[in-house]
Amino acid sequence: MSSQSKCYNPTVFSRVLKDVPDSVVMAVENKQDEVTVKQLEKILDRSGHRKNAIIESLDFSEIQEAAEDGFRTMYVVHKHQSIDLQAVADAGTEILAVSSFYPTALAGKAQAVGLHLWVWTVDRPFMAVRWAKAGVDGLITDYPLRMRRMLETNYALTHGVSIPQLFHMSLELQAWLPRAASRAVSVKRRSEHALGLRAAAAELSRRFDA
């Protein structure tokens, strides 16, 4: 109901699933306490999305239940939370998702017990490069297209290969911002300087979205 007491039809999860192709891998997190794991599984089964759905949860018991029912699962942990990697793997979990504040050495340790490691939420270029070099299996980001292109650019520069029509502006801007911020800028020119930074960021966004 709206504030004017008008009634609208809410978009429910089962309706959304009708528009998701089978080729799309979905990480599904249940955020409704009144909905059980079994109910979520029934919704996914009825929509035909069992094979391309990954049930994720912060609750390890939910992960265990979904894994026992034959679903792919992802166990999500908060930063600084202790993790028993072997116990997670023994529960049948496919993916462990951790905060980017964990040490990058966790990637190799997780993979050694058969887990895929995903890291969240990686929105800063240097953090993406750091985890990519550590061999992480997946990055969770708010900017997937830009982050992927940035990583492709970094790979090209590191290995001396070219990527046609791929702008290097992200790395150039990343390197330029610290230098610009360290310059002594007079009070009179600070507003112009800020506008210049915003214009550069806007141009970067426009080119990467094109």
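Here are some questions and answers about this predicted model.

User: How many helices and strands does the protein have?
Analyst: Let's start with the overall make-up. Of the protein's 210 residues, 31% count as buried. As for helices and strands, the protein has 9 helices and 6 strands.

User: In what order do the strands sit in the sheet?
Analyst: The sheet is open, is built from 6 strands and has parallel pairing. E1 and strand E6 (138–139) are its edge strands, each pairing on one side only. Reading across, the order is E1-E2-E3-E4-E5-E6.

User: Which residues of strand E1 are buried?
Analyst: In a regular strand, side chains alternate between the two faces of the sheet. E1, residues 26–29, does just that: Ala27 and Glu29 point to one face and are not buried. Pointing to the other face are the buried ones, Met26 and Val28.

User: Which residue in E2 stands opposite glutamate 29?
Analyst: E1 and E2 pair in the parallel sense, with 4 bridges between them. Together with H2, these two strands make a right-handed β-α-β unit. Across from glutamate 29, in E2, stands glutamate 56.

User: And which residue of E3 is opposite isoleucine 54?
Analyst: E2 and E3 run parallel too, joined by 4 bridges. Opposite isoleucine 54, on the E3 side, is arginine 72.

User: Why do the buried residues of H3 line one face of the helix?
Analyst: H3 covers residues 60–68, and its buried residues are Ile63, Ala66 and Ala67. Look down the axis of H3 and they line one face, because they fall within an arc of 100°.

User: What do those buried residues of H3 pack against, and which residue just after H3 takes a positive phi?
Analyst: The packing partners are helix H2 (37–46), strand E2 (53–57) and strand E3 (72–76). Just past the end of H3, a positive phi of about 90° shows up at glycine 70.

User: Is methionine 74 buried or exposed?
Analyst: Methionine 74 sits in strand E3. Apart from neighbours within four places in sequence, methionine 74 has contacts that include Ile54, Ile63, Ile95 and Trp118. Its relative accessibility is 1%, and the cut-off for buried is under 20%, so methionine 74 counts as buried.

User: How far apart are the C-alpha atoms of methionine 74 and isoleucine 54?
Analyst: Along the chain, methionine 74 and isoleucine 54 are 20 residues apart. They are also in contact. Between their C-alpha atoms the separation is 6.6 Å.

User: Are the rings of phenylalanine 60 and tyrosine 75 stacked, edge-to-face or tilted?
Analyst: The count of aromatic pairs comes to 1. In this pair, the ring centres of phenylalanine 60 and tyrosine 75 are 5.0 Å apart and the planes lie at 55°. Under 30 degrees would be stacked and over 60 edge-to-face, so this pair is tilted.

User: Where do these two aromatic residues sit, and how many residues apart are they?
Analyst: Phenylalanine 60 is partly exposed, with a relative accessible area of 22%, whereas tyrosine 75 counts as buried at 9%. Phenylalanine 60 belongs to helix H3 and tyrosine 75 to strand E3, so the pair links distant parts of the chain. In sequence, they are 15 residues apart.

User: Which helix gives the largest share of the largest nonpolar core?
Analyst: This core has 23 residues, and those with the most contacts inside it are Leu96, Val98, Leu115, Leu117 and Trp131. At least two residues each come from helix H4 (85–90), E4, H5, strand E5 (116–120), helix H6 (125–133) and helix H7 (144–159). Another core, of 11 residues, lies apart from it, with Val20, Ala53, Ile55 and Phe71 among them. For the largest core, the largest share is 4 residues, supplied by H6.

User: Where is serine 100, and is it buried or exposed?
Analyst: Serine 100 is in the loop between strand E4 (95–99) and helix H5 (106–112). Beyond neighbours within four places in sequence, serine 100 is in contact with several residues, including Val119, Trp120, Met127 and Trp131. With a relative accessibility of 8%, serine 100 counts as buried.

Definitions and conventions. Residues are numbered from 1 along each chain as its sequence is written. This is a predicted model: local features need pLDDT of at least 70, side-chain atom pairs count only at pLDDT 80 or more; totals for chains, interfaces and linings use all residues. Side-chain values use heavy atoms; hydrogens and water are left out. Buried means under 20% relative accessible area, exposed over 50%, partly exposed in between (1.4 Å probe, protein chains only). The arc is that of the directions from the helix axis to the C-beta atoms. Contact means heavy atoms within 4.5 Å. Two strands pair if DSSP finds at least two bridges between them. A crossover is right-handed if, with the strands pointing away from the viewer, the path from the first strand over the helix to the second runs clockwise. Rings of Phe, Tyr and Trp (its six-membered ring) pair if their centres lie within 6.5 Å; planes under 30 degrees apart count as stacked, over 60 as edge-to-face and the rest as tilted. A nonpolar core is a set of buried Ala, Val, Leu, Ile, Met, Phe, Trp, Tyr and Cys residues joined through side-chain atoms within 4.5 Å.
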